[in-house]
Each structure stands twice: as C-alpha cells, then as structure tokens.
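These are my notes from going through one model, beginning with the overall fold and ending with a handful of single residues. I write down what I looked up and what came back.

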Amino acid sequence: MQTNFTLAQLGDSDTAESEKIMRTCVHCDFCTATCPTYLLLGDELDGPRGRIYLIKDMLEGGKPASATVVRHIDRCLSCLSCMTTCPSGVNYMHLVDHARRHIAETFRRPWRDRMLRRMLAVTLPHRRLFAWSLTLSRLARPVARFLPGRLAPMLALAPSKRARSSPMDRPQVFPAPDARRMRVALLSGCVQPVLKPAINEATIRLLTRHGVEVVVSARAGCCGSLTHHLGEEAPAVKSAKANIAAWWREIEGKGLDAIVINASGCGTMVKDYGFLLRNDPLWAEKAARVSALARDITEVMAELGLLPSVLRTRLVVAYHSACSMQHGQKLEAPPRDLLRAAGFDLREVPEGHICCGSAGSYNILQPILAAQLRNRKLANIGRSGAGIVATGNIGCIQQLEGGLDRPILHTVELLDWATGGPRPAALPPEIESKTGSGP
Ligand code: SF4
Ligand code: SF4
C-alpha cells in the first residue's frame, strides 16, 4: 500500500511503525473473508482492509478521529483472525492499537460512553474493585431491564454466585515436591482470580506435580490488556511496568526459566511488552527479556511432558481455541496434544477461527455484535457433539458459560484432573456416563 507521510510525521516512532505496517499490505483482501465483523455486517469498512484504509487516511492527514472512523474501529474485536489469514504478514495488531490510542487522544465520545469506558478501565484491572462491582451487579439484577443502554447486558454477564477467593493467589512460592525441573513465575491476573480462582489453583498443582517451582510475585497483577484495548495507554504501561518490576526481582534473585500465563489474552499482551516499551530507555531491555520468557501454560507443559493419565473413561471434549491463543500467539498444537495425551477424545468446534465475541470488554461495549457471535459459537459447539468444552482464556469461558448446556472448563483444570488433581467442581457427577466414549 502506498503511503504519503511527511518526514516530520515519520519522526514519530508510532507513525513510522504504522507506515511500515501499511506498506506491507498488498490490498489482496484475503483477510476480509475471515473477519467476524465483516461476516456479520457485510460492510467493507468493517473488515480489516477497510479499517486499514480508514487508519491510513486518519494518520496521514494528521486528523482527529472522525465519528465514522471511531464507529468502525470500535467494532473491531482485535481478534487478529486477519493476521492469521494475511499472506503478507501485515501486523494489524500494532496498527489498530495505534489507531485506538489516536482515537483516545483526539475524539470526544458522548458522556455515557466516556463514563462506561472509565468505569471499565478503573474496575476491571483491580481485583477488589472488580469483586465489588460484581456484588453490585448481582444486587441490581432484578431491575436490570429498566436500566438504560449497555448496562443491562453488562449485568447479565456477572455470575450469579461469587467464587471464594483463593489463598493460592497470594504472593508466595510453591516449591516442587521432588527434584526441581524449572522455576517459573505465574501471572495470577486481575479478573480471573475473582471469577474462577480454580484455574490458578489447578495451574499451580499441575506445575508443581511436574517438578516446577511456582512463584506468585508480590505486586504483579493485571497484564494491562484491558486498558490497552480501550486505547488508554498510560494505565496499560503502568500495569506492564509493575509486572516487569515484580518479575525482575525474581529474575535477578533466584532466576526464572519462564513466566507462565494461563489466560491467552494476557499472554498475547505480555509477549508484546518488548514492543510496548521499546522506546523507553529505562524499561526496553527488561521488557524484551520478560516477553522472551513469557509462555502459555500449555507451551510449558508440552515442554515438560505430561504424566500418565489416571482417568478411566475417554471423555469427549470440544476444544474452543481462543483468538488470542490461535491468532495472537499462534498456539495450535500444544493445548490439543496435551488434552489428547491426557486421555480426552478431542473434537474441533466448526468455524473455530471465528471469535466468540468476548474480546476483553467488547461484549460490554458492543453487546449486539458480541451476542450474535456468541450465539454462532454456541451453535457450533453444539454441532461438535462433545459433552465438555475446554478453552484457555477466561474471557471466552465467561462469554459462553451462561448459554451452554454443558460445562466449559479451562484446559488446565482437565489436565490437572487427568494427572491426579481433584475433579473440577464444574463437572456434574453424571458426566462420565453422558460423555464418555469408552475406556
Ligand atoms: S482483528 Fe478481527 S475484527 Fe478486527 S479487523 Fe481483524 S479479523 Fe476483523
Ligand atoms: S490479507 Fe493482508 S495484504 Fe491482503 S488486504 Fe488484508 S491485510 Fe492487506
């Protein structure tokens, strides 16, 4: 794609990076066919190529974002399906991130929109505030249908019961019981420990059982992706630096072989810290080192090799690959191979490359499109014929759980169970007889 930036514009490193990305686009339009919002809306401007043109026009002209640009960029899920399809290696992720920052800096949204985004940016990354907001949402449920705009669908996403917080999420070290094979830090996260504390518990049990010492570092928390996708750069950078500082103490102290992440949305973000902080002389090197150490839990487990399964029935499991797992981190084989090795009869979800509509806070900000994608995904899961769904991202679990007639679990909960951990509480007792495919 031809670009016409001035030398002065290219003096800005974000613009120079975006220009480089745009120049790799050859207009072939392959990406449009796999873009979920184009599939739903059929508008060229709601596909990747159309959005790239809009971003190019906005940045080249040095213009504030227009309402049209904002509408089409807001509808983008950042699912990155277009990056998987693109034959030219266009880094749409960095381009749309830049566009979102430009929108946040130059466009004044209607006050309701501003309030909602502020509320999300403040509450979601902070465990305690998020837990309180869930309690408030539950209390407000009976009057939800009288609430304006996007508040009603937001309340519907809050779980009906609050999970008890886990002592395992507090800063501490979990030693490997026998000979130590690895020492890792676990990102315990922000939303996940509040919604599903069982996921970190299963991760820690699984890792220690396989000879890994696990550190939950003090002052490590939200990865920053939730605010990053809202275009709010300062809080995203603050979260990234807090995590890097927390892990750096471990790297310089007893050392780390990996930083383990069990929410693929967070993994995509941490693996990109090096790029995020590339121009910060104090942080660039540390950020690049942290990104190089970042691994999804399934990457680490694939490297370690799974202990023999203790399960006696081959349960039929549909694997839902989160967009951040398949498109963001390009991890296809590790979770599938591990589930098979653990003795599960794995089924694919038809249209597996299409987003479920979760996408960080997208299901709150774009509830209509998110609901359409969710219903499409639920129907496809139904077609898989499996009695259990496994996935590697808390956002997808939360998005799909309420509409499913079968349990949805994190992959680590199944791997932990199969290698000697407790049976996941979300599995009903009769599940073996319903979904087993024989010994
Ligand atoms: S990130 Fe997803 S929604 Fe956005 S343009 Fe690419 S494929 Fe479409
Ligand atoms: S597939 Fe890649 S090169 Fe082709 S139009 Fe889309 S972004 Fe551009």
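Before placing any residue in a loop, I note that helices (H or I, at least four residues) and strands (E, at least two) are taken as DSSP runs, numbered from the N terminus. With that convention, I looked up E351 and found this residue in the loop between β7 (345–348) and α21 (362–365). The model is a predicted one, and I keep that in mind throughout.

**Entry: E351 and R219**

I stayed with E351 because its relative accessible area of 30% makes this residue partly exposed, and I then checked the backbone. The phi angle of E351 is near 55 degrees, which is a positive value in a residue other than glycine.

I looked up R219 next, and here too phi is positive in a non-glycine residue, with a value near 70 degrees. R219 belongs to the loop between β3 (212–216) and α13 (225–228). Is R219 buried or exposed? With a relative accessible area of 66%, R219 is exposed.

**Entry: the whole protein**

I then stepped back to the protein as a whole, where I find 25 helices and nine strands. The C-alpha trace spans about 65 × 50 × 45 Å along its principal axes. For 439 residues a compact globule would have a radius of gyration near 22 Å, and the protein, at 22 Å, agrees with that expectation. Of the 439 residues, 56% are buried. I also looked at how the contacts are distributed along the chain: among those with a separation of 6 or more, 74% are between residues 24 or more positions apart.

**Entry: ligand 1**

Where does ligand 1 sit? I find ligand 1 in the second largest cavity. The elements that contribute two or more residues to the shell around ligand 1 are α3 (36–41), α4 (48–60) and α6 (81–85). The shell consists of 13 residues, of which the closest are C35, R51, C76, C79 and C82. Sorted by class, this shell around ligand 1 has nine nonpolar, three polar and one charged residues.

**Entry: ligand 2**

Ligand 2, by my reading, sits in the largest cavity. I count 13 residues around ligand 2, and the closest are C25, C28, D29, C31 and C86. By class, the shell of ligand 2 comprises nine nonpolar, two polar and two charged residues.

**Entry: C323**

I returned to the cysteines and looked up C323, which lies in helix α19 (residues 323–328). C323 counts as buried, because its relative accessibility is 11% and the cut-off for burial is under 20%. Setting aside neighbours within four places in sequence, I find C323 in contact with C79, G328 and C355. One of these partners, C79, is also listed among the closest residues to ligand 1. I also noted the distance between C323 and C356, whose C-alpha atoms are 8.5 Å apart while the two residues are 33 positions apart along the chain.

**Entry: S217 and T227**

S217 is placed in the loop between β3 and α13, and its relative accessible area of 7% makes this residue buried. Which residues does S217 contact beyond four places in sequence? I find P171, A185, A246, W247 and E250. Between the C-alpha atoms of S217 and A245 the distance is 10.0 Å, with 28 residues of separation in sequence.

T227 is located in helix α13 and, at 2% relative accessible area, is buried. Its contacts, leaving out residues up to four places away in sequence, are A121, P125, E232, P235 and A236. For T227 and P125 I took down the C-alpha to C-alpha distance, which is 8.0 Å across 102 residues of sequence.

**Entry: T268**

Last, I looked up T268, which is part of helix α15 (residues 264–270). T268 is counted as buried because its relative accessibility is 12%. Not counting residues up to four places away in sequence, T268 touches M93, S324, G328 and Q329. G328 is therefore a residue I met twice, since C323 is in contact with G328 as well.

Methods. Residues are numbered from 1 along each chain as its sequence is written. Chains are lettered from A and ligands numbered from 1 in the order in which they are written. This is a predicted model: local features need pLDDT of at least 70, side-chain atom pairs count only at pLDDT 80 or more; totals for chains, interfaces and linings use all residues. Side-chain values use heavy atoms; hydrogens and water are left out. A residue is near a molecule or strand if one of its heavy atoms lies within 4 Å of it. On a 1 Å grid over the protein atoms alone, a cavity is a set of points where a 1.4 Å probe fits but cannot get out, and a pocket is an open set with protein on both sides within 12 Å along at least five of seven lines; lining residues have an atom within 4 Å of a point. A molecule sits in a cavity or pocket if more than half of its atoms lie within 2 Å of its grid points. Ala, Val, Leu, Ile, Met, Phe, Trp, Tyr, Cys and Pro count as nonpolar, Asp, Glu, Lys and Arg as charged, and the others, Gly among them, as polar. The radius of gyration is taken over C-alpha atoms; the globule rule is 2.2 Å times the number of residues to the power 0.38. Buried means under 20% relative accessible area, exposed over 50%, partly exposed in between (1.4 Å probe, protein chains only). Contact means heavy atoms within 4.5 Å.
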